[in-house]
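Q: Please take me through the charged side chains of this protein, up close. I'm new to it, and plain talk suits me best.

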Amino acid sequence: MGTFVDELSRELRPPLTAEAAAVEADRCLECGGAHAPAPCVVECPANIDVPRFVGAIAAGDPASAARTIFAENVLGGTCSRVCPVEVLCQRDCVLIHEGRAPIEIGALQRYATDWAYRNGVPLRAAAPPNGKSVAVIGAGPAGLAAAGELAARGYAVTVYDERAEIGGLVRYAIAPYRQTNEPLPDEARLLAELGVEFRLGTSVGSARLDELISEVDAIVLAVGMGEDLDVAYDGDDLDGVWESLPFIAKLKTGEPPTVGERVAVVGGGNTAVDVAVEAKRLGAEVSLLLYRRTELEMPAYEHEVELARDEGVEIRFLTSPVAFVGRDHVEGVRCAEMRLGTPDESGRRRPEPVPDSEFVIPVDTVVKAIGQRPRDEFRALLSDIDKDGRTRNPKIFAAGDAVSGGASVVRAVAEAKRAVSALEESLRWTE
Ligand code: SF4
């Protein structure tokens, strides 16, 4: 019987044993070749050579498998835990066309990277120093991936982050059942071995950015998103009303927030789904997701929604909060029933309240998981970026959620790789 904290962190994708990994890897057909890459590789934003690393596991060589993974993705350990493989590589595995289960690529990647961390396999060999320096602003997934790629190519890299620890959203905003703080310490150690320097607890605003531009050859801006979107409701200040980021941050400290028997989570994205699952695991009898559109428009991944339902989360569609009610502590969410009107700028049909439809759902805890704000301080720079991360300033490149508005870790890695290529090309031109 596990402890309460064990239950909160019970993993979505538990590790495979060596035997299970060998059996699973052995099922892989190792598709593709020089002229036609395997469909799983085409679907991997980080371009990992899946058949090669899976084949190495089948051959009993996890070190070689890990090196294949790290060659394309220095955050291969994190991605093995949090990648939405169900809608990427595993979705296109050819075995599905034969009526068989897809290869468990995420689980095998975790097996190989865990093995490499445990056994001290070097992440990547670093090229000799090339005499150029790059400052990376932000130690979240895009910043760490850019730093690793640059250091491996011989750049002197310094990563700045205002927080005391690396990881960005992986450390502070991904729910623990998806990823605890492992393997971030290993990833940090391996990046440090590549020569990456970290200046943590160091905020870089626009004034410091201007200074840095004259001190280094290039800058990668990977500042991520800001705080929770500021959607105000009457009753926001009642006890028991949370924003999603502080709620998840508390979960990750191992001192989880206290929730009541009935929890309402406002939102329809992956963070809202995560919070609703964790609320259930925290002991809520009812964990209710309130989403103002229908399931068709829900931004959360379909497989995550299914998983949340399996964990006992209830979802109420076409329901929008109007206010949180109670004396000192929240006692209910006053909601309006919604209906869908004409499409808005996002292309999704705009929800409108049904007249005279308000009703109150009794709750003891509310978590608002509506989304995050873009970072204000670099708004001008980040509002004009090409597909490879070039900004209007030829020395500054951007990657990650600050550019894409909140995507997955592996997309941040892919963007970081594109920004690093653009940066290298630009420095070659200025030589
Ligand atoms: Fe293996 Fe499936 Fe990829 Fe083919 S598509 S290489 S079977 S994981």
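A: Here's a quick look at the whole chain, followed by a closer one at the charged side chains and their surroundings.

Before we start: this is a predicted model, where local features need pLDDT of at least 70 and side-chain atom pairs count only at pLDDT 80 or more, while totals for chains, interfaces and linings use all residues. Residue numbers run from 1 along each chain as its sequence is written, and side-chain values use heavy atoms, with hydrogens and water left out.

Let's zoom in from the outside. The C-alpha trace of the protein chain spans about 70 × 55 × 45 Å along its principal axes. For 431 residues, a compact globule would have a radius of gyration near 22 Å, and the 23 Å of this chain agrees with that. (That radius is taken over C-alpha atoms, and the globule rule is 2.2 Å times the number of residues to the power 0.38.) The chain has 17 helices and 14 strands; these are DSSP runs numbered from the N terminus, with helices (H or I) of at least four residues and strands (E) of at least two.

How much of the chain is tucked away? Buried residues make up 53% of the 431. Here buried means under 20% relative accessible area, exposed means over 50%, and partly exposed is in between, with a 1.4 Å probe and protein chains only. Contacts also reach a long way along the sequence: of those between residues at least 6 apart, 72% join residues at least 24 apart. A contact means heavy atoms within 4.5 Å.

Now for the charges. The protein chain carries 46 positive and 69 negative side chains, and the centres of the two sets lie 3 Å apart. In that count Lys and Arg are positive, Asp and Glu are negative, and His and the chain ends are skipped; each charge is placed at NZ of Lys, CZ of Arg, CG of Asp or CD of Glu. Side chains of opposite charge can pair when their charged atoms come close. The structure holds 27 salt bridges, a salt bridge being a side-chain nitrogen of Lys or Arg within 4 Å of a carboxyl oxygen of Asp or Glu.

Take Arg27 and Glu24 to begin with: their closest N and O atoms are 3.0 Å apart. Arg27 is partly exposed, at 24% relative accessibility, whereas Glu24 is buried at 11%. Next come Glu149 and Arg153, a salt bridge with its closest N and O atoms 3.2 Å apart. Glu149 is buried at 4% relative accessibility, and Arg153 is partly exposed at 29%.

Another pair bridges a longer stretch of sequence. Lys368 and Glu243 form a salt bridge, with 3.6 Å between the closest N and O atoms. Lys368 sits in strand β13 (residues 365–368) and Glu243 in strand β5 (residues 241–243), so the pair ties together parts that are 125 residues apart in sequence. Lys368 is buried, with just 2% relative accessible area, while Glu243 counts as partly exposed at 27%.

Salt bridges can also join up into a group: Asp386, Lys387, Asp388, Arg390 and Glu425 are linked in a network of them.

What about a charge without a partner? Glu187, in helix α10 (residues 184–193), is buried yet has no salt bridge; Arg81, the nearest side chain of opposite charge, is 6.7 Å away. Beyond its neighbours within four places in sequence, Glu187 is in contact with Val74, Leu75, Gly76, Gly77, Thr78 and Tyr117.

Two acidic residues in loops round things off. Asp364 lies in the loop between β12 (359–362) and β13, and at 28% relative accessibility it counts as partly exposed. Leaving out residues up to four places away in sequence, Asp364 touches Gly240, Gly260, Glu261, Arg262, His329 and Val330. The C-alpha atoms of Asp364 and Pro299 are separated by 26 Å, with their positions 65 residues apart along the chain. Asp356 is in the loop between β11 (349–353) and β12, and it's exposed, at 84% relative accessibility. Asp356 also has a positive phi of about 55°, although it isn't a glycine.
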